[in-house]
Amino acid sequence: MDKTPEEIYTKFITDLAAFTTDKLCLIPDWTIAYIRENYVNPAFRSQMFKEAAKRFGKVPDYVAMYKKALKDANLDWGGGEGPPEDAEVVDILLWVAKDLNLICWEDKGYAIIEPEDEEWRKTIACHSKAMKQWLTLAYLDETSRAPNAEALNCARNTLDARAVARGNEVQVYLRVAKVDGKIYIDIGDKTFAAIEVDAEGWRVVDSVPVNFIRRGGMRALPIPAHGGSIQTLLKFINLKSDVEGEEQEKLVLVVAWLVAALSGMGPYAIAIFIAEHGSTKSFATRVLRAFVDPNSMITRSLPQNEGDLAIAADNS
């Protein structure tokens with residue numbers, strides 16, 4: 001006849017007391033091995049780890065040994081249910097992030113977040129504001145408290161170091177990616193949908209085989225619709241000319257620039273509008289930017305030095 005949970009727990013307490021009496025608990029590895037061998041039920045095993053932790057907690061040196069033994073055995077403090085109640089904030093932050101898929105690209109760390117029962121995924125930089133927000137919410141769900149700024153920064157630095165040192169090197173993309181003969185354009189909204197383009201046409205897809213990252217100023221593209229005409233673009237930008245046929249020639253250049261911007265292949269051309277004052281040059285640049293890569297920073301002044309240029313490029 002199988003033993004009841006109460007009988008199993010009583011046996012464990014008795015055995016653990018015998019361990020303590022025989023001073024075998026001086027070697028935490030033995031206790032861990034004993035629990036793992038004799039108690040396979042996850043719920044009981046968890047409770048036994050916690051009970052053992054309480055006993056070791058009476059001697060600080062034993063606690064350190066016990067934690068190290070658990071780590072070496074790929075077990076969580078507390079038997080896998082979560083961090084201990086007296087854990088530091090940064091340790092809890094790292095615990096809630098333990099299942100993140102960490103990758104690196106060009107010496108920067110990234111985390112791939114794939115919610116359960118969802119088709120989409122997102123990739124965020126370990127040092128980004130998005131990672132700070134994710135860690136804050138995860139910590140809040142775990143503890144019902146808010147983490148402090150110092151612990152958040154420490155956790156982000158640690159995740160970044162892990163990603164760079166141990167993560168797989170995987171390319172990340174910003175807005176546009178060309179992979180296996182297809183072009184993917186990140187729409188940029190909360191659904192993480194994208195536009196897939198190939199020789200047969202284009203379509204909106206829920207998931208893509210690439211890792212898109214997003215900058216803070218990025219805004220969502222409108223959801224495209226089939227039909228329409230490129231000639232409609234002339235309603236939004238001023239390409240008029242007194243020379244017959246020149247408007248259409250200019251339109252060809254503009255459309256070529258738009259297509260190149262969404263090709264996923266550099267180097268990219270720079271669009272330069274030359275006209276007299278008041279001819280809506282700035283408005284035309286805003287319209288074209290909105291077509292391919294909407295951003296909260298619609299226009300910007302010229303950078304004063306190479307450092308400002310690098311910062312602007314990294315955040316655009």
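Two residues are taken to be in contact when heavy atoms lie within 4.5 Å of each other. The structure described here is a predicted model, in which local features need pLDDT of at least 70 and side-chain atom pairs count only at pLDDT 80 or more, while totals for chains, interfaces and linings use all residues. Residues are numbered from 1 along each chain as its sequence is written, and side-chain values use heavy atoms, with hydrogens and water left out.

The predictor's confidence in each residue is given by pLDDT, on a scale from 0 to 100. For the protein chain the average pLDDT is 80, and 70% of the residues score at least 70. Helices (H or I, at least four residues) and strands (E, at least two) are DSSP runs, numbered from the N terminus. Among the elements of the chain, strand 7 has the highest mean pLDDT, 96, whereas the lowest, 58, belongs to helix 4 (residues 60-72). Over residues 21-25 the pLDDT stays under 50, and for this stretch the model has six contacts beyond four places in sequence.

Strand pairing is assigned where DSSP finds at least two bridges between two strands. Strands 6, 7, 8 and 9 form an open sheet in the order 6-7-8-9, with antiparallel pairing. Its edges are strand 6 (176-179) and strand 9 (201-205), each of which pairs on one side only. On average, neighbouring strands of this sheet are turned by 20° against each other, direction ignored, where the axes are lines fitted to C-alpha atoms (for helices over the stretch in contact) and angles run from 0 to 180 degrees between N-to-C directions. Within the sheet, four bridges link strand 7 (residues 182-186) to strand 8 (residues 194-198) in the antiparallel sense, and Ile-183 has Val-197 of strand 8 as its bridge partner.

Ile-183 is also one of the residues in contact with Ser-263, which, leaving aside neighbours within four places in sequence, touches Val-176, Lys-178 and Tyr-268 as well. Ser-263 is placed in the loop between helix 8 (246-261) and helix 9 (281-292). For relative accessible area (1.4 Å probe, protein chains only), buried means under 20%, exposed over 50%, and partly exposed in between; Ser-263 counts as buried because its relative accessibility is 13%. The side chain of Ser-263 reaches the backbone nitrogen of Met-265 at 3.2 Å.

A second set of paired strands involves strand 1 (101-105), which is joined to strand 2 by five bridges, the two running antiparallel. In this pairing Leu-102 stands opposite Ala-111 of strand 2. The hairpin of strand 1 and strand 2 has two residues between the strands, and Glu-106 takes a positive phi near 55° in it. Strand 1 pairs in the parallel sense with strand 4 (residues 168-169) over two bridges, and the bridge partner of Cys-104 in strand 4 is Glu-169.

A nonpolar core is a set of buried Ala, Val, Leu, Ile, Met, Phe, Trp, Tyr and Cys residues joined through side-chain atoms within 4.5 Å. The largest such core has 22 residues, and those with the most contacts inside it are Leu-93, Leu-100, Leu-102, Met-131, Leu-135 and Leu-159. Two or more residues are given to this core by each of helix 5 (89-96), strand 2 (108-113), helix 6 (129-143) and helix 7 (149-166), and the largest share, six residues, comes from helix 5. Another core, of ten residues, lies apart from it and includes Leu-233, Ala-284, Val-287 and Leu-288. Beyond four places in sequence, Leu-159 is in contact with Leu-94, Ala-97, Leu-102, Cys-126, Met-131 and Leu-135.

Several loop residues complete the description. Most residues other than glycine have a negative phi. Ser-144, in the loop between helix 6 and helix 7, nevertheless has a positive phi near 65°, and at 63% relative accessibility Ser-144 counts as exposed. Thr-280 likewise has a positive phi, of about 65°, but with 39% relative accessibility Thr-280 counts as partly exposed. Asp-99 lies in the loop between helix 5 and strand 1 and counts as exposed, at 66% relative accessibility. The side chains of Asp-99 and Lys-98 are joined by a polar contact of 3.4 Å, a polar contact being a pair of N or O atoms within 3.5 Å, of which, within protein, one must be able to donate a hydrogen and the other to accept it, with residues adjacent in sequence counting only if both atoms are side-chain atoms.
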